[in-house]
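Let's walk through this model together, going from the whole chain down to single residues. Keep the viewer open and follow along.

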Amino acid sequence: MLRFRKFFCACRGMRSASERVNITNDRRDAVIQTAGIVANQQLCREHYRLTLSLDMFPGAIPGQFVHLSSEPDSPSGYRTWDSSRRAPHDAHTAKRSAPMLRRAFSIAGLRDVSEGINLDVIYRVVGAATGWMKSLSVTDRLSLLGPLGNGFPIHNRKQVAWLVAGGVGLPPMLWLAEALRNASVRAVAFCGAQTSDLLALTLEPSVRPADDARCATLCCHEFAQNDAPVVISTDDGSLGFRGHIGAAMAVYHKANPVPQDDLVVYTCGPEPLMRFVAEYCVERDIECYACMERAMACGTGLCQSCVVPVRDHTDPDGWRYRLCCTEGPVFNAAEIIWEPIGSG
Ligand SMILES: Cc1cc2nc3c(=O)[nH]c(=O)nc-3n(C[C@H](O)[C@H](O)[C@H](O)COP(=O)(O)OP(=O)(O)OC[C@H]3O[C@@H](n4cnc5c(N)ncnc54)[C@H](O)[C@@H]3O)c2cc1C
Ligand code: FES
């Protein structure tokens, strides 16, 4: 019951709550535009990099995301409901039946090119929208809304940053590594996958990932170009450390201690992984930020479908809901309530 009361309070207080929160890049800067396709390249068994061409893009930072849809000719990007169209049952029928609602994807890279801007998203094919994305080629166009969300804070007072990514949590970390290098913060990346052919990274031919998580190497091209060594883990031990990437980070930490005031940890990926990393950091008083995922129908604070419970000592109950799309997706990990509300 409390859960629902909180939810409706969140709806009523939405506007003022959003105004109070320091949204790094206010969503009023977000634009809807038509994007062309530059490339749609397969990176591993289930991940692809989609490079989009845009005429312009408002200032954005790593951790922000874009909302994509298949309807570039509709002003909103939404398709009107056509009951004669059947929902797709698998990725093969997805191009014809791309979904009505936009889908959220972290910005994996953003750069100026002579014809405008190129923006990368890296996606794992899991259902209708990502099945449709897989079918896109250079002759296609899509509708893009963004940039959305707040993004990762970067503090120059921190000398070392650890980027802990599991599975499809990797994309925002690629762009974050570039931003950290530009801010002269030393980054180490921790990248985990279920198995080696689900790791969406380019391995350097001459540098092997260490089997032992005590050592980070310049084994991944995407991070090496930003001077960031990498620890790799796979659940089945087919590449790098055997185990989940949070466990690899703990092993690395033991072998490479850093004063807690000098260290910041950023994490993105499956929720159990982010919870492990967040709790590890909170116990040791290490600053940590988690990039949360929620199903997002609107991406702009209207539908209230994306709540994350957070501790809030100014609230009489000691917690409240925040919207992942406008007040996140990046949250201070110490504030996130990981247990389902009402389970205690
Ligand atoms: C802020 C944000 C950033 C994201 N960045 C990326 C990214 O960089 N790369 C990437 O591949 N994916 C990313 N996602 C997840 C992505 O939005 C979903 O994978 C996508 O919506 C799936 O759409 P679909 O139609 O292919 O699958 P669906 O048919 O909608 O769903 C297939 C399966 O995936 C689950 N699912 C769908 N959406 C989500 C979601 N948002 N969170 C958790 N599970 C979901 C469904 O429950 C279902 O089991 C991000 C999500 C958010 C909220
Ligand atoms: S409020 Fe609609 S997705 Fe967040």
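**The chain as a whole**

Of the 344 residues in the chain, 54% are buried, where buried means under 20% relative accessible area, exposed over 50% and partly exposed in between, with a 1.4 Å probe and protein chains only. Please keep in mind that this is a predicted model, in which local features need pLDDT of at least 70, side-chain atom pairs count only at pLDDT 80 or more, and totals for chains, interfaces and linings use all residues. Residues are numbered from 1 along each chain as its sequence is written, chains are lettered from A and ligands numbered from 1 in the order in which they are written, and side-chain values use heavy atoms, with hydrogens and water left out.

The chain holds 7 helices and 16 strands; these are DSSP runs numbered from the N terminus, helices being H or I with at least four residues and strands E with at least two. About 15,900 Å² of the chain is exposed, and carbon and sulfur atoms supply 52% of that, with accessible areas taken from the Shrake-Rupley method with a 1.4 Å probe and, for residues, only the protein chains shown counting as cover. Take the contacts (heavy atoms within 4.5 Å) between residues at least 6 apart in sequence: 69% of them join residues at least 24 apart.

**Strands and their partners**

Now look for the open sheet of 7 strands, whose order is S11-S10-S9-S8-S12-S13-S16 with mixed pairing. Two strands pair if DSSP finds at least two bridges between them. Strand S11 (241–242) and strand S16 (330–332) are at the edges and have a single partner strand each, so one side of each lacks a neighbour in the sheet. Within this order, S12 (residues 263–268) and S13 (residues 287–291) pair in the parallel sense over 5 bridges, and Cys268 has Cys291 in S13 as its bridge partner.

A hairpin makes a nice second stop: S5 connects to S6 through 2 residues. Strands S5 (residues 109–113) and S6 (residues 116–124) run antiparallel and are joined by 5 bridges, with Arg111 opposite Asn118 in S6.

**Around ligand 1**

Which residues come nearest to ligand 1? Of the 19 residues around ligand 1 (those with a heavy atom within 4 Å), they are Ala104, Ile122, Ala129, Thr130 and Glu293. Oxygen atoms of the ligand also make polar contacts, meaning pairs of N or O atoms within 3.5 Å. One such pair reaches a polar backbone atom of Gly127 at 3.2 Å, another a polar backbone atom of Ala129 at 2.7 Å, and another an N or O atom in the side chain of Thr130 at 2.5 Å. The protein covers 71% of the 860 Å² of accessible area that ligand 1 has on its own.

**Cysteines and a loop**

Why does Cys281 not form a disulfide? A disulfide is a pair of cysteine sulfur atoms within 2.5 Å, and the closest cysteine sulfur to that of Cys281 is in Cys288, 4.1 Å away and too far for a bond. Cys324 is likewise too far, with its closest cysteine sulfur, in Cys306, at 5.7 Å. The count of disulfides is 0. Cys281 is buried at 1% relative accessibility, and Cys324 is buried at 0%.

Finally, visit Asp227, in the loop between helix H5 (221–224) and strand S10 (230–234). Asp227 is exposed, at 54% relative accessibility. Beyond its neighbours within four places in sequence, Asp227 contacts Arg181, Ala187 and Leu218.

Conventions. A polar contact is a pair of N or O atoms within 3.5 Å; within protein, one must be able to donate a hydrogen and the other to accept it, and residues adjacent in sequence count only if both atoms are side-chain atoms.
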